[in-house]
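Subject: Structure for you to look at

Dear colleague,

I am handing over the structure below, and I would be glad if you could keep it open while you read the notes that follow it.

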Amino acid sequence: MAPSEGLRQMSKFYRNPTTILLENGAFPKIADWVHLVGAKKILLVLGGKFFKGSSYFGVLKEALRGLDWQVSTPVSENPKISFVREFSEKFRGASFDCVIGIGGGSAIDTAKMAAVILAGDAATLDDYIVSKKAFKKRLPLAAVPTTAGTGSEVTPYVSLSTQDRKKITVTDPQLFPDLALLDPLLTHTMPAPVSASTGMDALSQAIESFWSVHHTGLSDTHALRAVSLVTRHLETVVAKPGDAQARFAMALGSCESGLAIAQTATTAVHSVSYPITEHFGVPHGHACALTLAEFIRFNEPSMQDSRYDSLWKAMGVSSAFGAAEFVEGLMGKIGLERRLSKLGIDRKGMGVVLQNGFRPDRVKNNPRELTTEALKSM
Ligand code: NAD
């Protein structure tokens with residue numbers, strides 16, 4: 001049985017083995033975890049250039065003083081399979097004892113894959129993603145998110161881009177990190193567009209988890225808290241990047257959206273977002289936000305159950321149509337463009353999105369059946 005099917009079946013239950021530490025100023029405690037797992041040699045997987053240029057790199061060096069650590073090649077946004085393949089092979093044989101991913105979802109996903117590949121059983125990335133080899137072991141793994149976000153620090157997924165601009169998701173329980181260390185202070189440096197886009201990813205994930213055909217009572221609890229936190233605080237972090245209370249709420253909301261999708265996976269909104277990112281370079285969360293309101297309207301006939309009242313309440317509205325309007329209004333307030341033409345997606349581009357936006361594993365999670373015709377009319 002493919003791991004993803006196994007995981008789907010298990011979603012009737014609640015499974016999350018990741019230990020979560022969420023505290024302002026918690027970052028240096030990463031050293032306690034390193035000592036706890038007895039690691040002597042550490043691979044640090046860092047996203048972009050921002051982290052090495054921040055004062056937190058100094059804090060990290062101080063925390064890891066006396067230990068043998070190595071910094072990876074910086075991870076670019078939406079990592080490609082080819083990048084992760086080269087990345088992992090470069091460090092093969094270096095005998096690391098643990099991996100720490102610090103950054104947004106791109107760095108954390110790369111760290112997850114590296115922790116599996118560097119665990120020492122000679123398997124390559126292609127063994128896992130092409131031959132679907134079962135994951136046997138991985139190195140101890142900690143994830144430190146600096147966006148809020150993807151929630152990748154608490155999910156069993158890795159998202160990778162293919163050479164032909166498709167997005168694949170690797171799913172396996174081994175991809176749950178051992179530790180998710182959330183220090184909201186690390187997210188204060190996000191520029192407004194990154195805060196806006198990544199925040200909309202968290203909102204979209206939470207709403208999609210709630211309406212997913214795989215939702216459970218427990219996943220709903222996380223999804224509702226995530227919706228409530230993100231809808232109340234996203235505008236503030238975009239306008240006031242140093243607002244500690246709002247940043248804390250966003251870090252928690254993002255983590256709860258990850259806890260929710262770890263049980264349910266995402267749905268059609270994410271499926272359609274992938275070609276928008278891969279072919280037109282729209283950041284992941286912004287790409288999700290583009291169709292979220294329309295999907296709320298589309299799914300409305302399948303959201304008549306009274307449990308949806310709690311979703312509308314968490315958003316501060318009273319109906320699906322109110323929720324769709326709320327999402328559009330929020331995008332305007334946080335400066336996310338809604339017009340596809342302004343994002344370089346013309347009529348021909350729409351064809352590309354339609355052609356590549358149907359990922360069956362996600363579309364089938366949608367509460368209302370989605371056809372190409374329905375998507376076209378949207
Ligand atoms: P990202 O990791 O690509 O980062 C976006 C940009 O923000 C980068 O340039 C990064 O360097 C910068 N950045 C990050 N933190 C910063 C900070 N504190 N200050 C300044 N700059 C900062 O963006 P993301 O949205 O976090 O991750 C997107 C990736 O995660 C995609 O590949 C997506 O498919 C994947 N994803 C994975 C999961 C999962 O469960 N594994 C879930 C959702 C999304």
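A polar contact is a pair of N or O atoms within 3.5 Å. With that cut-off in mind, please also remember throughout that this is a predicted model.

I began with the ligand, where a polar side-chain atom of Asn78 lies 3.3 Å from an oxygen atom of the ligand, and this pair counts as a polar contact because the cut-off is 3.5 Å. A polar side-chain atom of Glu77 is placed 2.6 Å from a ligand oxygen atom, while an N or O atom in the side chain of Asp109 sits 2.8 Å from a nitrogen atom of the ligand. There are 26 residues around the ligand, and those that come nearest are Glu77, Ser106, Thr146, Thr147 and Thr155.

I then turned to the packing of the helices, beginning with helix H7 (residues 192–211) and helix H8 (residues 217–239), whose axes come within 8 Å and cross at roughly 160 degrees. This angle is why H7 is described as roughly antiparallel to H8, and the crossing of the two helices is left-handed. Among the residues that meet there are Ala196, Leu203 and Phe210 in H7 and Ala223, Val230 and Leu234 in H8. Sorted by class, the residues of this contact comprise 16 nonpolar, 5 polar and 1 charged.

H7 also packs against helix H9 (residues 244–264), with the axes 8 Å apart and an angle of about 40 degrees between them, which means that H7 is oblique to H9. The crossing is again a left-handed one, and the residues that make the contact include Ser195, Gly199 and Gln205 of H7 together with Arg247, Ser254 and Ile261 of H9. Here the division is 5 nonpolar, 8 polar and 1 charged.

The last pair I looked at is helix H11 (residues 284–299) with helix H13 (residues 320–333), where the axes are 8 Å apart and the packing angle is about 155 degrees, so H11 is roughly antiparallel to H13. H11 passes H13 in a left-handed crossing, and the contact involves, among others, His286, Leu290 and Arg297 of H11 and Phe321, Glu325 and Met331 of H13. The residues of this contact divide into 11 nonpolar, 1 polar and 4 charged.

With best wishes

How values were computed:
Residues numbered from 1 in each chain as written. Predicted model: local features only at pLDDT ≥ 70, side-chain atom pairs only at ≥ 80, totals over all residues. Heavy atoms only, no water. Axes fitted to C-alpha atoms, helices over the stretch in contact; angles between N-to-C directions. Helix = DSSP H or I, 4+ residues; strand = E, 2+ residues; numbered from the N terminus. Parallel < 35°, antiparallel > 145°, perpendicular 65-115°, else oblique. Left-handed = near helix turned anticlockwise from the far one by under 90°. Contact = heavy atoms within 4.5 Å. Nonpolar A, V, L, I, M, F, W, Y, C, P; charged D, E, K, R; others polar. Near = heavy atom within 4 Å. Polar contact = N/O pair within 3.5 Å; in protein donor to acceptor, adjacent residues only side chain to side chain.
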